[in-house]
Amino acid sequence: MTAVLVRSAASLAAGVALYFAFPPTGLWWLAPVGIGVLFAVLALPDRIRLRAGFGYGLLTGLGQFVPLLKWIDSMVGALPWIGLAIACSVFYGAFGLMATRLVRAPGAPVWTAAAFTVAEWARSSFPFGGFPWGRLAFSQGDSPLVSLARFVGAPGLSFAVALLGTAFAAAAMTARRRRSARGLLVPAAAAVIVVAAAAAAWPAVGAPSDGRTVTVAAIQGNVPEQRWDVATQREAVLTNHLTETARLAAEVRAGRQPQPDVVVWPENSSDVSPERDPEVAARMRAAAADVGAPILVGSVHYDDTGRYYNSMILMTPDGPIERHDKAILQPFGETMPMREFFRLFSSYVDLANDFTPGTGDGVVRPSRNGGPPVFLGVATCYEVAFDRSLRMSVDNGAQLLTVPTNNATFGRTGMTWQQLGMSQVRAVELDRDVMVAATTGVSAFVRPDGTIAQNTSIWTSDHLVETVALRNGRTPAARLGEWGNIALLVLTLCGIALAIRQDGWRLNQPASDRPEADRGTT
């Protein structure tokens, strides 16, 4: 019983370490530590049943996701928050189940790290389209390892972080048992390869671009913290963004800011569609004329059949000319799967919208005064968490990326910083400047090397202006696409095959305790 309690406490501590690796705390080096601790729990000499491995993995997941997803409580309450944390933790449980056997196979650090990344891929894919929040890669925005994202994408970066953790844990366990130095070969080689690859990747990250320069601006109008009736609240939000745009225009005329080529407002900066309300459209057209640039406005688009979309609409002094309709919608917020069923558990389901997913190419093409267009890739809020979203934009020619987002609902939680961390990884992964425009902050400009050039404070009205060099071409990670995940799945299956060949796969009892079976720990 004591051993179970110790293992359980260590598993939970591993999850807490993973939580602190993510922004806003941002202790990125704790990510491999957390994975290493879980590996050690599962690889200790007194081996465990599969269901125990599931339980230890589940505890690690709870240690990470319960605090990481606290921002959901501010939106819909404790029950959905805890429910989602448990659902995400189940995937860690599935990893723990597999890892109870993979830690015994020869080359265990490699197979175990691959299995963890595959569990992340599964969580990012289903149910209801998946939920990628909390992937290891997204803890590494300020880490030297982030350079790997350019070549192997977010999945490969997660694998590298996990591999460092499993390698160090395996090496420590081998040294503690005073076994042959031969047992250190795999973990030592794995750690050296990860570190050497990250170092070799750095010179290519954020290399100078020979593309033309453009000046872009992000508007953060802010949202009243007090809650009024819907109409008053909508008017206040729209007015705030118009006012901040007018302030930018005045600074441009006074020579305190350069003339922007395009201005980006956040998601939901106008919940009243300019396509439906002529007065709102006239105010936006006037703002575009005042600032001398097209404005990408977060609003709502309605089609002829009555369907509606969460859209970023490109407004000019002459009216709307193009838009991006959000394609990856947040379940239980922008859509409500199985509404009747979930209504049995919470009345909040009736607050969920019924947006229709968009089908565009992820690019809008603003042009100032008839000049050459800027191919601007757009991932609205939640979309930035999904590998395919901005990768599609780059595949379709995006030279610069933007992440318009509305984080007002989440108060002063860490959600906005967690999302900014994702934008840092995307900047490196796709070799593009990323402009984040948030209603209440944090708005930011992220360089292609992942560094934050400038950012606003939270819950304030502000704007950012930055001159950037446009970039073309596709990184190795963009070309790799989903093949990285598939390769990691194959790697995991190879590890499972080795584990079965060596030790069997016993569902209801621990594997045999013969000494030779333990050789796979390292």
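Among contacts in the protein chain between residues at least 6 apart in sequence, what percentage join residues at least 24 apart? In this predicted model, the figure is 70%. Keep that in mind as we walk through the fold, from the whole chain down to two single residues.

**The whole chain**

Let's start with the overall build. The protein chain contains 15 helices and 12 strands. Stretch a box along the principal axes of its C-alpha trace and you get spans of about 80 × 55 × 35 Å. How does that fit with the chain's length? A compact globule of 522 residues would have a radius of gyration near 24 Å, and the protein chain has 24 Å, so the two agree.

Now for the inside and the outside. Buried residues account for 56% of the 522 residues. The surface that the protein chain exposes comes to about 20400 Å², and 61% of that is supplied by carbon and sulfur atoms. As for charges, there are 44 positive and 41 negative side chains, and the centres of these two sets sit 12 Å apart.

**Two domains**

The chain is divided into two domains, and each one is put together from two pieces of the sequence: domain 1 takes 1-205 + 481-507, while domain 2 takes 213-325 + 358-470. Their C-alpha centres lie 35 Å apart. The domains also touch: 30 residues of domain 1 are in contact with 24 residues of domain 2.

**Two residues up close**

Here are two residues worth finding in the structure, each with the helix that holds it.

| Residue | Helix | Helix residues |
|---|---|---|
| Thr-166 | α7 | 149-176 |
| Ser-89 | α5 | 78-102 |

Is Thr-166 buried or exposed? Its relative accessibility is 1%, and because buried means under 20%, Thr-166 counts as buried. Who are its partners? Setting aside neighbours within four places in sequence, Thr-166 is in contact with Ile-35, Gly-36, Phe-39, Pro-109, Thr-112 and Ala-113. For a sense of distance, try Ile-86: this residue is 80 residues from Thr-166 in sequence, and the two are 24 Å apart in space, C-alpha to C-alpha.

Ser-89 has a relative accessible area of 0%, so Ser-89 is buried. Which residues does Ser-89 touch, not counting those up to four places away in sequence? They are Gly-57, Leu-58, Gly-61, Leu-62 and Phe-65.

How values were computed:
Residues numbered from 1 in each chain as written. Heavy atoms only, no water. Helix = DSSP H or I, 4+ residues; strand = E, 2+ residues; numbered from the N terminus. Rg over C-alpha atoms; globule rule 2.2 N^0.38 Å. Buried < 20%, exposed > 50% of the residue type's maximum accessible area, 1.4 Å probe, protein only. Contact = heavy atoms within 4.5 Å. Areas by Shrake-Rupley, 256 points an atom, 1.4 Å probe, with all protein chains shown as cover. Lys, Arg positive; Asp, Glu negative; His and termini not counted. Charge placed at Lys NZ, Arg CZ, Asp CG, Glu CD. Domains from an automatic or database assignment.
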